[in-house]
Amino acid sequence: MSTPSRFATRALFAPVIVLSCMLVFSSKAKAGWDVSQTAARESHGLPAQVVFVWVPGPAAEYPTMAVALQDVADDGKLNQLRLLSVTKLLSDDNFQKEVFQQLEAIAPKDLKEALESAGNMHNPKMTALRPSFEKAVLTTPTVLRFKEDLARHQLEIAGASCEKFSFATTGGSKRVFGFLTLTLAGASNKAPAP
């Protein structure tokens with residue numbers, strides 16, 4: 001049995017490499033929102049709920065929060081929107097930079113100590129940094145843009161929460177990891193503000 005030539009091997013893998021590169025570069029170029037809706041479970045005392053999930057890349061259901069909000073408002077379900085799941089936002093390099101810039105402004109000493117620690121979620125230095133991290137998230141330019149879109153529908157971000165809050169070293173630098181959510185308040189089915 002003969003082995004494939006170098007040319008044949010390259011010809012076979014070239015489309016795979018091109019497609020992989022296209023997916024990587026296009027996923028960095030766009031992001032958007034998916035909308036998840038759950039029905040009320042009255043037997044458990046749980047109301048109907050709408051959750052927006054931030055999705056990196058072009059596969060998102062809605063290209064912007066504004067479009068997603070308008071669609072949910074048109075369906076009369078804006079009062080069910082309670083949560084923004086933004087865990088995947090932590091994979092975004094720009095958002096990581098924004099968070100670290102805010103942490104350096106808000107809690108430089110706690111940040112320095114946490115960065116010098118093991119960085120795991122049970123470390124006391126990470127526990128001390130957590131409230132400042134949640135505050136920092138709320139003051140990033142990215143989240144401030146979310147707030148603008150939400151305000152047009154009389155919604156506001158009530159708080160941030162990060163489960164499993166930790167640092168990990170990736171590519172030589174520390175990054176924040178965890179399950180990040182933003183809780184909402186003030187939901188209304190009224191028309192958006194002009």
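These exercises work through the fold, helix packing, aromatic pairs and selected residues of a predicted model.

**Exercise 1. Overall layout**

Task: State how many helices and strands the protein chain has, and in what order the elements run.

Solution:
- Step 1. Count the elements. The protein chain has 6 helices and 5 strands.
- Step 2. Read them from the N terminus. The order is α-β-β-α-β-α-α-α-α-β-β.
- Step 3. Turn to burial. The protein chain has 194 residues, and 34% of them count as buried.
- Step 4. Look at the surface. About 11,500 Å² is exposed, with carbon and sulfur atoms supplying 59% of that area.
- Step 5. Check the contact range. Take contacts with a separation of 6 or more: residues 24 or more positions apart account for 68% of them.

**Exercise 2. Two helix packings**

Task: Classify how helix H3 packs against helix H5, and how H3 packs against H4.

Solution:
- Step 1. Start with H3 (residues 93-106) and H5 (residues 124-138). Their axes are 9 Å apart, at an angle of about 120 degrees.
- Step 2. Apply the cut-offs. Roughly perpendicular covers 65 to 115 degrees, and roughly antiparallel begins over 145. H3 is therefore oblique to H5.
- Step 3. List the contact. H3 brings Phe 95, Val 99, Gln 102, Leu 103 and Ile 106. H5 answers with Leu 129, Ser 132, Phe 133, Lys 135, Ala 136 and Val 137.
- Step 4. Assign the hand. H3 and H5 cross in a right-handed way.
- Step 5. Move to H4 (residues 108-116). H3 and H4 also pack at an angle of about 120 degrees, and their axes are 5 Å apart.
- Step 6. Classify this pair. H3 and H4 are oblique to each other.
- Step 7. List the second contact. From H3 come Phe 100, Leu 103, Glu 104, Ala 105 and Ile 106. From H4 come Pro 108, Leu 111 and Leu 115.

**Exercise 3. Aromatic pairs**

Task: Describe the pair formed by Trp 33 and Phe 52, and explain which parts of the chain the pair ties together.

Solution:
- Step 1. Note the total. The structure holds 5 aromatic pairs.
- Step 2. Take the geometry. The rings of Trp 33 and Phe 52 lie 6.2 Å apart, centre to centre, with 50 degrees between the planes.
- Step 3. Name the type. Stacked needs under 30 degrees and edge-to-face needs over 60. The pair is tilted.
- Step 4. Place the residues. Trp 33 is in strand E1 (residues 31-38), and Phe 52 is in strand E2 (residues 49-56). The pair therefore ties together parts 19 residues apart in sequence.
- Step 5. Check burial. Trp 33 is buried, at 3% relative accessibility. Phe 52 is buried too, at 0%.
- Step 6. Look for a cluster. Phe 100, Phe 133, Phe 165 and Phe 167 are linked by ring pairs.

**Exercise 4. Positive phi**

Task: Locate Gln 154 and Lys 164, and say whether each is buried, exposed or partly exposed.

Solution:
- Step 1. Recall the background. Most residues other than glycine have a negative phi.
- Step 2. Take Gln 154. Its phi is positive, about 55 degrees. Gln 154 sits in the loop between helix H6 (141-151) and strand E4 (156-170).
- Step 3. Take Lys 164. Its phi is also positive, near 60 degrees. Lys 164 belongs to strand E4.
- Step 4. Compare with the cut-offs. Buried is under 20% and exposed is over 50%. Gln 154, at 32%, is partly exposed. Lys 164, at 45%, is partly exposed.

**Exercise 5. Buried strand residues**

Task: Give the strand, burial and contacts beyond four places in sequence for Gly 32, Ile 157 and Ser 166.

Solution:
- Step 1. Gly 32 is in strand E1. It is buried, at 2% relative accessibility. Its contacts are Val 53, Trp 54, Val 55, Gly 57, Ala 60, Tyr 62 and Pro 63.
- Step 2. Check one partner. Gly 32 and Tyr 62 are 30 residues apart in sequence, yet 5.6 Å apart C-alpha to C-alpha.
- Step 3. Ile 157 is in strand E4. It is buried, at 11%. Its contacts include Leu 138, Val 143, Phe 146 and Thr 183.
- Step 4. Check Thr 183. It is 26 residues from Ile 157 along the chain, and their C-alpha atoms are separated by 5.8 Å.
- Step 5. Ser 166 is in strand E4. It is buried, at 15%. Its contacts include Gly 119, Met 126, Arg 175 and Phe 177.

Key. Residues are numbered from 1 along each chain as its sequence is written. This is a predicted model: local features need pLDDT of at least 70, side-chain atom pairs count only at pLDDT 80 or more; totals for chains, interfaces and linings use all residues. Side-chain values use heavy atoms; hydrogens and water are left out. Rings of Phe, Tyr and Trp (its six-membered ring) pair if their centres lie within 6.5 Å; planes under 30 degrees apart count as stacked, over 60 as edge-to-face and the rest as tilted. Buried means under 20% relative accessible area, exposed over 50%, partly exposed in between (1.4 Å probe, protein chains only). Contact means heavy atoms within 4.5 Å. Accessible areas come from the Shrake-Rupley method with a 1.4 Å probe; for residues, only the protein chains shown count as cover. Axes are lines fitted to C-alpha atoms, for helices over the stretch in contact, and angles run from 0 to 180 degrees between N-to-C directions. Angles under 35 degrees count as roughly parallel, over 145 as roughly antiparallel, 65 to 115 as roughly perpendicular and the rest as oblique. A crossing is left-handed if the near helix is turned anticlockwise from the far one by less than a right angle, and right-handed if clockwise.
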